[in-house]
Amino acid sequence: MTRSAWTRLLCAMLACALLLPAARTARAEDAPAPVSTPLMQPQLGGMPAPASPASAPAQPDVRSAASLPVMSVPHVVLRSGDNAPMTALNMPDGELRYQAEDGRVAGHMDKRVWGFLPGKTRITAYAISPEGDVRASVIATVQVLPHETNIVFERAAYTIGTGQRTACAPTLTDPDGVRLPLAVTVSDPSVVAYENGQLIALGAGSAEVTATAAGGAITASAHVFVVPRVKATYLRASIPYKLRTGERMAIDTSVRPRDTTDELRYIAADPSVVSIDQHGMMTALAPGKTTVYVRCGDKVATQEVRVRE
């Protein structure tokens, strides 16, 4: 090989050595960035689990409602001189003290609340620490009625025909005239049932309907007799048709047979004009006119009534 040929070969090799690194750099810049694949932990039950699972959020420490401090009876109704059980439950450790807001109305002693004078008050139970701090407190309301307060039934006894219904609404009112809730039960549910202020005759026999209040401290009962139904076949009603405001007049009725178990019912279409009690006594309340109905079983009598000043 001649000297000029060696010179050309050396120049070509030098050019290749200079151009090769630049070409490699250009290819690396044009290539897409590699995608990293997260490592997978061992599979459980055939399902892959993420490599770094997020930790579950901490659950709040919620106490069960059954473990919260509470009064055994949140509201008590009793008569003067009567008492009823009452105690604080689920209280923290410490001395348990009870205090009445008005000690003239009621007080607490020996796990019972005692009624003194008619009125309303609140009793608070405190859990006291050895250092004298209040750890927890709960409140109950107490209503004390006059000692002579009693439940009243409209009748001492009810006679109902089998399959029939009759109104039965025993009442107990507080000194402010507010009706208090009553629990009503029957002694023999095969004879009579009580539902929505009505007695329902189910089978021949007798039973007692009993109303209670103040945790059983106030009770009253009425007799119920269920007999085979005797339908009314005749009804005559003499209904006054002219009255003056404030005037009272009775509706005269005649029913046959006399031993019918169908009840007489009196209804005024507009009770703001005329009111009628369960015995058929009409009272004129305001000028106007209305229709009065007298019903006994399937028999009905009607009369338009006018009231004037």
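# Reading local features in a predicted model

User: Why does Asp252 count as partly exposed?

Analyst: This is a predicted model, and the label comes from the relative accessible area. Buried means under 20% and exposed over 50%, with partly exposed in between. Asp252 has a relative accessibility of 44%, so Asp252 falls in the middle class.

User: Which residue forms a salt bridge with Asp252?

Analyst: The partner is Arg236, and the closest N and O atoms of the pair are 3.6 Å apart. This bridge links distant parts of the chain: Asp252 belongs to strand S20 (residues 252–256) and Arg236 to strand S17 (residues 234–238), with 16 residues separating the two. Arg236 is also partly exposed, because its relative accessibility is 35%.

User: How many salt bridges does the structure hold?

Analyst: There are 10 salt bridges. One of them pairs Arg306 with Glu304, the closest N and O atoms lying 3.5 Å apart. Arg306 has 40% relative accessibility and therefore counts as partly exposed. Glu304 is at 38%, so Glu304 is partly exposed as well. Elsewhere, Arg155, Glu263 and Arg265 are joined into one network by salt bridges that share partners.

User: Are Arg79 and Asp82 buried or exposed?

Analyst: Both Arg79 and Asp82 are buried. The two form a salt bridge, with 3.2 Å between the closest N and O atoms.

User: A charge can also sit over an aromatic ring. Which residue lies over the face of Tyr234?

Analyst: Arg256 does, at 4.7 Å from the centre of the Tyr234 ring. As for rings paired with rings, the count of aromatic pairs is 0.

User: How do I read cysteines? How many disulfides does a search of the whole structure find?

Analyst: A disulfide is a covalent bond between the sulfur atoms of two cysteines. Here the search finds 0 disulfides. Cys168 has a relative accessible area of 0%, so Cys168 is buried. Cys296 is buried too, because its relative accessible area is 0%.

User: Let us turn to strands. Which strands are joined to S15 by bridges?

Analyst: As general background, side chains in a regular strand alternate between the two faces of the sheet. In this model, S15 (residues 205–213) runs antiparallel to S12 (residues 183–186), and 4 bridges join the two. Within that pairing, Val186 has Val209 in S15 as its bridge partner. S15 also runs antiparallel to S16 (residues 218–227), this time with 9 bridges. In that pairing Glu208 stands opposite His223 of S16.

User: What do S15 and S16 form, and how many residues are between them?

Analyst: S15 and S16 form a hairpin with 4 residues between them. In the turn, Ala214 has a positive phi of about 55°.

User: How should I read a positive phi? Which residues show one although they are not glycine?

Analyst: Most residues other than glycine have a negative phi, and most peptide bonds are trans. Among the residues that depart from this here are Asn90, with a positive phi of about 60°, and Lys111, also with a positive phi of about 60°. Asn90 is in the loop between strand S4 (88–89) and strand S5 (95–100). Its relative accessible area is 37%, so Asn90 is partly exposed. Lys111 is placed in the loop between strand S6 (106–109) and strand S7 (112–115). At 59% relative accessibility Lys111 lies over the 50% cut-off, so Lys111 counts as exposed.

User: And the peptide bonds? What is the omega of the bond from Arg256 to Pro257?

Analyst: Omega is near -10°, and the bond from Arg256 to Pro257 is cis. Pro257 is found in the loop between S20 and S21. Arg256, on the other side of this bond, is the residue that lies over the face of Tyr234.

User: What else is in that loop? Is Thr261 buried or exposed?

Analyst: Thr261 is in the loop between S20 and strand S21 (264–268). Its relative accessibility is 8%, so Thr261 counts as buried. The Thr261 side chain makes a polar contact with the side chain of Gln164, at 3.1 Å.

Definitions and conventions
Residues numbered from 1 in each chain as written. Predicted model: local features only at pLDDT ≥ 70, side-chain atom pairs only at ≥ 80, totals over all residues. Heavy atoms only, no water. Salt bridge = Lys/Arg side-chain N within 4 Å of Asp/Glu carboxyl O. Buried < 20%, exposed > 50% of the residue type's maximum accessible area, 1.4 Å probe, protein only. Disulfide = S-S within 2.5 Å. Phe/Tyr/Trp six-rings, centres within 6.5 Å; stacked < 30°, edge-to-face > 60°. Lys NZ or Arg CZ within 6 Å of the ring centre and 35° of its normal. Pairing = 2+ DSSP bridges. Polar contact = N/O pair within 3.5 Å; in protein donor to acceptor, adjacent residues only side chain to side chain.
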